[in-house]
Amino acid sequence: MLEAAFSALSQFADPTMLIYLGVGVAVGLVIGVIPGLGGTGAVAVLLPFVFVLEPSQAIAMIIGAVAVVHTSDVITSVVLGIPGSASASVFLLDGHTMAKEGNGGRALSASFISSMIGGLIGIVALTVVVPIAQPVVTAFGSPEIFALVVMGIFLTATLSKGNVVKGLLISVFGLALGMIGVSPVSAEYRFTFGSEYLTEGIGLVAAALGIFGVAEIIDLVAQKKSVAGEKIKLGSGWRQGITDALRYKSDVLRGSAVGVGVGILPGVGSTAGSWLAYGQAQAFASRRGDGRFGKGDPRGVIAPSAASNGIESGALIPTLLFGVPGAAPFALLLGILLIFGVQPGPTLITQDLDLVYFIVWSFAIASVVGAALAFFMARPLAKLSHVRFPILAAGLIPILFMSGFQEPLDLHVFYTMFLLGIIGWICKMTNIPRAPFLIAYVLAEPLERYYFLTVNVFTPSEWLTRPFVAVIALVLVGVVAMSVIRYVRTRNAESQAMQMSELSDLKAPPFMDLGVSLVGVVFFIAMLSLVGGFSDNGRVFPLVVGIMGLVLAVLSLVRDALRARSEGGLGRLDAAWRERLNVVGMSALWLLAFMALVFLFGMLIGSVIFALVFLLVVARLKVLPTLIYVGCLAAALYALVEFAMLVPPSGYLI
Amino acid sequence: MKRELSRRGVLALAGLAGLTACAPAQTRYQPSGEGIIDVVVPYSSGGGTDTWARFITAELASRQEGVDRYQIDNVPGGESITGTNAYVSADVTDGRQLLVSSATTYFQNMLGHHTAQFDFAEMEPLVFNGTGAVLWTGESAGVRDVYDLLERAERVKYGGMSASGLDAVALLALETLGIKVDGVFGFEGRGPTRLAVQRNETDLDFQTTATYLSQVQPLVDDGRAFPLMSVGILEGDRVVRDPALPDVPTVDELLEEINPQGREGIAHQAYQSFVTPGFFFQKGLWSNAGTETAVIDAYDDLVAEMNSDEEFLEESKSALGGYDLISGKDVRGEFRTALELDPEVLEFTRAFLTDEHGAVLD
């Protein structure tokens, strides 16, 4: 075993091998920073080159990219408040809050260190687990994955503090949107309205970028502020972040463990995994009673950072040992290994142990190098938070929409992103937490899939008594019981104190809340009216979700009505609100203009025209800087298409 | 003034909303240029069919004069229908644009998917690559071969992805032999169905030969798994045992032994119609109906050249699953016969998949 490990390491004595690994790391870091593009995007970039390289070179390159994507995508989330990838949306809570308070450097360095450690722990786990992986993976079946998914769904409730009913309402909305497309149990189309775009769902990247990214743009563009508010020194705090990561080492360890666990179980996915890590860190901190989660607690950055890299390394276990891709980018890795004649499977350990260790070393080296490089990248990128937002938006809008387009390759996705952006903004203004939406959206499919696989194969007395399932069930019952007790005790005390981060700066008048609830009622009635057309199996989940949504929406409506009465009327928009609406209306208008330009002229020319006009009119930039900026934007988009293999949408005319 | 602005704003909003009411389709054919052959792959990049396409086109390009490379154009969506429809509607017949297709797309064609605008029975296959497949079982059912399965009173559980996909072939094979199973559908892929048998969650699983040999054979050697039957390979118009699996009987062999009259039965006809595009000619490089003969002949020659190239055969073993390339020109007849389902057989298959296995067909 040791011999194989060192002979694998000796391959890196060849400098060209390090160069290929370095190319992978560089691509991974850059793709990570681009909003919405994650591991799959990075591997897709490298795909065309794979076929001309030697197998070990290609593998080094791909592992290098996958190992660092989740190190650098944190930068975008923390600095700009726009998710660097779907799984990095977790950093919008504490990470971005820290940046707004001027602690961006601290958040980032804590994240880089944790993610490096997470990757290394994962890779050690991989090495240790290899001999015993067979029983471990076979011990975890559909019931265990189902239990884990249910736990993730419960997480949405704990993230809904302050506005529990609406938080639950929007997570049910997330479940509903997650059901659009082909049903996992009956392979029939649900809620697609005959559209080819919807047959494969609305797209995770579009959902994450819409509800968080576009919403942020709508809100900030017209405010003409920079992300960080005032000028704050970012330079300090970098060292503090490293100290944080060391101080909260138990959170690093637990986060990594959650990550590796989620990685080993194919089916849960990295977005849900990083939120699970966040949830457990929050739970542990609240037990100790010192949590500032949602308000810029470094542990809210540390745990998911450690987890996100742990997931990627943990996911190598099912990929290599069972030929079952543990994470999306590894489905691509699997195909590439097959081309090179490497058959992943139990025989890999006996026949190609060298290769396994080669992958392990690649991952380890890339994790360390990636974290170091991320420090260098983060400093200049962090300055972006001091740039006036409209200037940033001129470039961000095209990149955001182009990223969302990559998954479905269908322009209808622009509508989804725009609508979710509006919904996200309304959530922000009415204090509805948005994280539950995203978690529910990603878990909708596995929830349904593994529920049916569980009940079709096992009787309730069989699957409910499996040890892992029973433990999770007990934990959930305990958590629910505890929160009920706590709720009863603190009922009379100040119950609104525990707000999540998304407190808006303007208080929404009661009629807005009422409106949101009313839209919920209408939405779920419409959903239920469509359920009748589905097959017996395909109907169960939409029906349950629709009823749950309707109940919650009605409950929310009643609460809002009571509040309106106690506050003496529906309220009205004051001057500040009217001003804000005007501003947001203008932003929405600009987004629609952008969409129209792309529909007409395609991505490249549409974006250039948009950016020119936008920079001159909204950002009020001078002509020369505008031209330089637009030139750079065009070059960047062109580079993404030409070298990163992104597909640019084409318009009617071009 | 504020009012004024907002009213104008609302008007502009309405106008722009109108302008953006229809998104342009992304499927227009744009030739990549001299020396480049465009290939529509109606699946996402990195999947099995996409990897096959990238491998095979790189090999083809290196042997074709005047062709620098093939440009892979992934058009996912609509479960491969979007891309295939787009290819057919561009109607390029001079070989400058080709299509890569796979079993599930043929099945949509055969089972009559309402949005499918293509008909593979009219299009021109250029290159095929088939694969064998094995139905195997774990320890849980206490079954070691098909005869045990026939004697077993209780139904066993078959784990699959969806009854209207490749699993249909296994289900029809079992039906032909008179074996009733409970299908458990909804697994995410062939990896999870395999693990489910290893965990004793389900009893039967269906794998391609290449995966079977690498993942299941070690279990078989340990006495923890048992092969039941294979689909065999096509030799001329006869099905024979897969040379990679000399000890595993084919479905046709078993039928001959167990129920010789069954050969004429409707279930067997249905099985034959689906196994041919499903496995014998699973992946293919296609061109539109009415393609120039020169193009078809060129690929026919290329396949012959590649099949006699020892070095290529050695290199491609893993990527092609250990099976030779087949010239589309040679087997066009067989493929079309399989695809032209007798209405009665189609009716039977649809009823079998929907009633027995809960498939939803439109």
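A residue counts as buried if 20 or more other C-beta atoms lie within 10 Å of its own, and as exposed if 12 or fewer do. The exercises below use that cut-off on a predicted model.

**Exercise 1. Decide how enclosed strand E8 of chain B is, and name its partner strand.**

Solution.
- Step 1. Count the buried residues. Strand E8(B) covers residues 204-208, and 5 of the 5 are buried, so the strand is largely enclosed by the rest of the structure.
- Step 2. Sort the residues by face. In a regular strand, side chains alternate between the two faces of the sheet. Leu204(B), Phe206(B) and Thr208(B) sit on one side of E8(B). Asp205(B) and Gln207(B) sit on the other. Every one of these residues is buried, and both faces are covered.
- Step 3. Find the partner. Strand E5 of chain B (residues 133-137) is joined to E8(B) by 5 bridges, and the two run antiparallel.
- Step 4. Pick out one bridge. Trp136(B) pairs with Asp205(B) in E8(B).

**Exercise 2. Describe chain B as a whole, then place Asn109(B) in it.**

Solution.
- Step 1. List the elements. Chain B holds 14 helices and 13 strands.
- Step 2. Take the dimensions. The C-alpha trace of chain B spans about 85 × 60 × 40 Å along its principal axes.
- Step 3. Look at burial and contact range. Of the 362 residues of chain B, 51% count as buried. Among contacts in chain B with a separation of 6 or more, 77% link residues 24 or more positions apart.
- Step 4. Locate Asn109(B). It belongs to helix H4 of chain B, residues 103-111.
- Step 5. Apply the cut-off. Asn109(B) has 20 C-beta neighbours inside 10 Å, so it counts as buried.
- Step 6. Check its surroundings. Beyond four places in sequence, Asn109(B) contacts Ala116(B), Phe118(B), Asp119(B) and Phe120(B). Leu99(B) is 10 residues away along the chain, and its C-alpha atom is 15 Å from that of Asn109(B).

**Exercise 3. Phe191(A) and Phe193(A) both have a positive phi. Which is buried and which is exposed?**

Solution.
- Step 1. Place them. Phe191(A) lies in the loop between strand E2 (189-190) and helix H10 (204-221) of chain A. Phe193(A) is also in the loop between E2 and H10 of chain A.
- Step 2. Read the angles. Phi is near 55° for Phe191(A) and near 50° for Phe193(A). Most residues other than glycine have a negative phi.
- Step 3. Count neighbours. Phe191(A) has 20 C-beta neighbours inside 10 Å and therefore counts as buried. Phe193(A) has 9, so it counts as exposed.

**Exercise 4. Work out how domains 1 and 2 of chain A meet.**

Solution.
- Step 1. Set the bounds. Chain A divides into domain 1 (17-228 + 242-509), domain 2 (510-572) and domain 3 (575-642).
- Step 2. Take the separation. The C-alpha centres of domains 1 and 2 of chain A lie 29 Å apart.
- Step 3. Count the contact residues. Domain 1 of chain A contributes 21 and domain 2 of chain A contributes 25.
- Step 4. Identify the elements on the domain 1 side. Helices H9 (164-178) and H20 (435-457) of chain A each supply at least two residues. H9(A) gives the largest share, 8 residues.
- Step 5. Classify that side. It has 14 nonpolar, 3 polar and 4 charged residues.

**Exercise 5. Characterise the contact between chains A and B, then the largest nonpolar core.**

Solution.
- Step 1. Count. The contact joins 60 residues of chain A to 54 residues of chain B.
- Step 2. Find the leading element. On the chain A side, several helices give two or more residues, including H3 (39-50), H24 (536-566) and H25 (575-617). H25(A) gives the most, 10 residues.
- Step 3. Classify. The chain A side splits into 34 nonpolar, 21 polar and 5 charged residues.
- Step 4. Turn to the core. It has 319 residues, and Val43(A), Leu46(A), Ile62(A), Ala65(A), Val169(B) and Ala173(B) touch the most other members. Helix H17 of chain A (residues 353-382) provides the largest share, 17 residues.
- Step 5. Zoom in on Ile62(A). Beyond four places in sequence, its contacts are Gly24(A), Val43(A), Leu46(A), Leu333(A) and Ile336(A).

**Exercise 6. Find where chain A calls for caution.**

Solution.
- Step 1. Start with the average. Chain A has a mean pLDDT of 87, and 95% of its residues score at least 70.
- Step 2. Find the weak stretch. Over residues 493-502 of chain A, pLDDT stays under 50. The model has 19 contacts beyond four places in sequence for this stretch.
- Step 3. Conclude. Where pLDDT is low, the predicted coordinates should not be read in detail.

Key:
Residues are numbered from 1 along each chain as its sequence is written. Chains are lettered from A and ligands numbered from 1 in the order in which they are written. This is a predicted model: local features need pLDDT of at least 70, side-chain atom pairs count only at pLDDT 80 or more; totals for chains, interfaces and linings use all residues. Domain bounds come from an automatic or database domain assignment. Two residues are in contact if their C-beta atoms, placed from the backbone, lie within 7 Å. Helices (H or I, at least four residues) and strands (E, at least two) are DSSP runs, numbered from the N terminus. Ala, Val, Leu, Ile, Met, Phe, Trp, Tyr, Cys and Pro count as nonpolar, Asp, Glu, Lys and Arg as charged, and the others, Gly among them, as polar. pLDDT is the predictor's confidence in each residue, from 0 to 100. Two strands pair if DSSP finds at least two bridges between them. A nonpolar core is a set of buried Ala, Val, Leu, Ile, Met, Phe, Trp, Tyr and Cys residues joined through C-beta atoms within 7 Å.
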